[in-house]
Each structure stands twice: as C-alpha cells, then as structure tokens.
Amino acid sequence: MKHITIKDIAKKLNVSISTVSRAFNDKYDIRQDTKELILKTAKELGYRPNPMAKKLIQQRSFNIGIVVPEFEKSYFPQVILGAQNVLLEHNYQVLLMQSNESSETERKNVETLVDNMVDGLIISLCSEEENIAYYKQLIAKGLPIVFFNRVIDELEATKVLFDDYKWAFFTTEHLIQQGLKNIIHIAPKKKYSYTNNRISGYKDAMTKHKLVPQKIIYSHLTVEDGEEIATRFIETKNIPDAIFSSNDYCAIGAMRVFKQHGFKIPKDIAFAGFSETQLSEFVDPQLTSVSQPTKLIGKTAAELLLKQIDNKESSIYQTVVLNGNLNIRESSMKVLKL
C-alpha cells in the first residue's frame with residue numbers, strides 16, 4: 001500500500017507543496033475554500049501525517065516512560081492507569097517498563113527509554129542507592145522526571161508520596177484502642193523511605209501509649225513470609241496480641257496459618273495490613289487495611305511531569321504528599337462499635 005504524502009495531494013490538486021502545508025498548519029495566508037478542498041482531498045486519498053516528522057518539528061517524541069518494580073500486585077497497575085488517563089488526554093503515549101526489583105534492570109530500562117527520546121519519566125525505584133548518580137546526571141541534563149512511592153530522599157527531584165507515617169501511626173493506635181498491647185510490625189527488608197516512615201509511625205504510636213517492647217520483623221512481605229512468621233510464633237508459643245503488616249499479602253498469609261491452628265481472629269490475635277489490595281475484602285475475616293489513592297498518585301505524577309515538560313527552564317521541584325484512609329474491618333475489631 002502506497003504511503004500518501006503532501007506531494008501527492010499537491011499533484012492531485014495542481015497546487016504547490018507549500019500551499020498544502022499551509023492548509024495543514026492552518027496558516028492565515030491561504031483562502032478558506034482552498035484549505036477546505038485540500039483537507040477534503042487529503043481525507044479521500046487516505047493521507048496521514050508523518051508522526052516522526054511532526055515530532056522532529058516540535059522537538060518532542062510525545063512518549064512518556066514509566067518504570068515500576070513489578071506488575072503482579074494491584075498497586076502499580078492502578079497508579080499506571082491514573083497516569084495514563086492524564087497522558088492520553090494530552091496526546092502522549094506511555095511506554096511501560098518493569099525492573100523486577102533489580103537495580104541493574106532498572107538502569108537498563110531507563111537507558112532504553114532515554115535512548116528512545118522519551119519526553120519524561122515517571123519512576124518508582126526498586127532500590128534507593130545504586131542508581132542515584134545516574135538519576136542526578138539525567139536531572140542535570142534537564143530530563144523531566146517524577147518519582148513516586150519509592151524515592152531517594154537525597155535526590156533533588158519532584159516526588160509524589162503517600163503519608164505513610166500518619167497512617168501507620170493511626171493503624172497502630174487503632175489496634176491499641178482495641179485493648180491490644182503486644183503489637184508486632186512486619187516491615188520490608190529493603191529500607192525504602194516509606195519503610196522508615198511506617199516504622200516511625202508504629203514506634204511513635206506505641207511510645208505515645210507507653211507500650212514496650214516494640215518489635216519489628218523484617219520480611220519480603222509475601223504470603224509465604226506471612227505463613228512462615230505465623231508458624232514461628234505458634235511453634236514458640238509466643239503469640240502477640242496483634243500483627244500490623246506493611247502490606248496485605250503478608251498479613252493474609254499469617255492469618256491463614258493462625259486460622260488453620262484453631263486461633264480465632266480477632267479474639268486470639270488481631271491483624272491489620274497496608275495498601276488495601278482486593279484480597280482484603282475477600283478473606284475471612286475481612287482485613288483491616290490502609291488504602292492509598294493509587295489512581296490519584298498516578299494522576300498527580302503525570303500532571304507534575306507535564307508541567308516540567310512545558311517549563312523546562314524551571315528548576316523548582318515539588319514534593320506532593322497525598323492522604324489515605326484506614327478501612328477498619330473484622331480482623332482488628334475486638335471492641336465493637338455500638
């Protein structure tokens with residue numbers, strides 16, 4: 001199939017190429033009836049503008065790269081949807097990359113996107129240390145970047161965050177208000193900024209209510225990790241009053257093992273999670289969990305990135321902290337509301 005060019009349209013109508021170009025670009029120095037005829041003929045011939053030529057003229061690729069650690073859990077796909085909705089409205093295409101929790105893969109992903117001349121990047125890091133120097137180079141060269149969820153505190157860049165400290169504090173205090181004292185927090189092994197904020201929220205709530213000792217277990221936060229942690233507690237006959245996990249999956253794994261061993265939830269042990277996965281409402285009992293505004297996180301990151309793209313001369317970086325909600329369910333409700 002022959003690709004129709006503006007030369008073909010000009011030849012068909014016996015006009016100059018520059019006249020066709022002025023019609024397409026809606027210039028003032030062309031008669032309205034001529035412009036309408038050119039546009040009508042272009043449509044009839046099946047003409048489509050050359051996207052590469054347009055991008056070269058505008059010095060934009062109209063592509064945005066998004067790099068996330070994984071797609072398996074619902075959190076990142078929801079953020080991507082929120083970002084994509086905004087970007088598509090502004091005629092940008094989204095190129096998705098997964099780092100698979102590897103800093104080396106993350107670096108290669110970003111390098112590939114940069115080599116393909118993306119106009120900007122939205123990134124959630126798999127590691128907060130290995131690629132700092134590289135990101136500093138990209139930012140110094142003027143590439144618009146917005147980091148979200150997992151960020152580098154020392155890196156001067158635009159960031160979209162969740163108030164992890166506040167909601168970890170509220171969750172822990174909710175458990176304390178149920179009369180629970182021996183509360184265990186399960187945190188990620190990797191020391192992300194949100195990890196430290198959730199740990200601080202847990203510790204400060206415990207300290208406020210003069211509860212010691214404060215115990216933190218570090219884990220990969222899989223369902224299997226939750227099962228293993230619960231098994232250890234049962235085998236040592238050292239059952240805490242409650243487990244507050246930094247994600248839902250680990251909490252659900254632990255709940256399952258305790259239930260299998262005859263423990264009543266929340267009567268014998270209470271549970272709370274984080275990030276409000278779809279599973280939280282399908283387990284029995286339903287899991288108390290902190291919900292994050294995932295689509296709003298993506299939407300905000302995309303809007304901030306577009307501002308950077310449109311104002312490349314500005315070096316003012318923003319940090320936006322978004323709010324959430326604690327969805328209290330049966331897994332933690334030892335004290336029933338009247």
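Helices and strands are taken here as DSSP runs, a helix having at least four residues and a strand at least two, numbered from the N terminus. The model to which these elements belong is predicted.

With that convention, the loop between α4 (51-58) and β1 (63-68) is where Phe62 is found. The backbone of Phe62 has a phi near 55 degrees, which is a positive value in a residue other than glycine. Phe62 has 17% relative accessibility. Because buried means under 20% relative accessible area, Phe62 counts as buried.

A second residue with a positive phi is Asn149, where the angle is near 65 degrees, again in a residue other than glycine. Asn149 lies in the loop between β4 (145-148) and β5 (158-162). With a relative accessible area of 13%, Asn149 is buried.

Loops also hold the cis peptide bonds described next. The bond from Val212 to Pro213 is cis, and its omega is near -5 degrees. Pro213 is found in the loop that runs between α9 (193-208) and β7 (215-219). Further along the chain, the peptide bond from Asp284 to Pro285 is likewise cis, with omega near 0 degrees. The loop in which Pro285 lies is the one between β9 (270-274) and β10 (288-291).

From the loops the account turns to a strand residue. His185 has its place in strand β6, which covers residues 183-188. The relative accessible area of His185 is 0%, so this residue is buried. What surrounds His185, once its neighbours within four places in sequence are left aside? The residues in contact with His185 are Arg198, Ile199, Tyr202, Lys215, Ile216, Ile217, Phe244 and Ser246. For one of these, Phe244, a polar approach can also be specified: its backbone oxygen lies 2.9 Å from a polar atom of the His185 side chain. The side chain of His185 is thus described both by its burial and by its approach to the backbone of Phe244.

The cysteines complete the picture. How many disulfides does a search of the whole structure find? The search returns 0. Cys126 has a relative accessible area of 0% and is therefore buried. Cys250 also counts as buried, at 0% relative accessibility.

Taken together, the buried residues described here include Phe62 and Asn149, each with a positive phi. They also include His185 in strand β6, as well as Cys126 and Cys250. The cis bonds, for their part, precede Pro213 and Pro285.

Notes: Residues numbered from 1 in each chain as written. Predicted model: local features only at pLDDT ≥ 70, side-chain atom pairs only at ≥ 80, totals over all residues. Heavy atoms only, no water. Buried < 20%, exposed > 50% of the residue type's maximum accessible area, 1.4 Å probe, protein only. Disulfide = S-S within 2.5 Å. Polar contact = N/O pair within 3.5 Å; in protein donor to acceptor, adjacent residues only side chain to side chain. Contact = heavy atoms within 4.5 Å.
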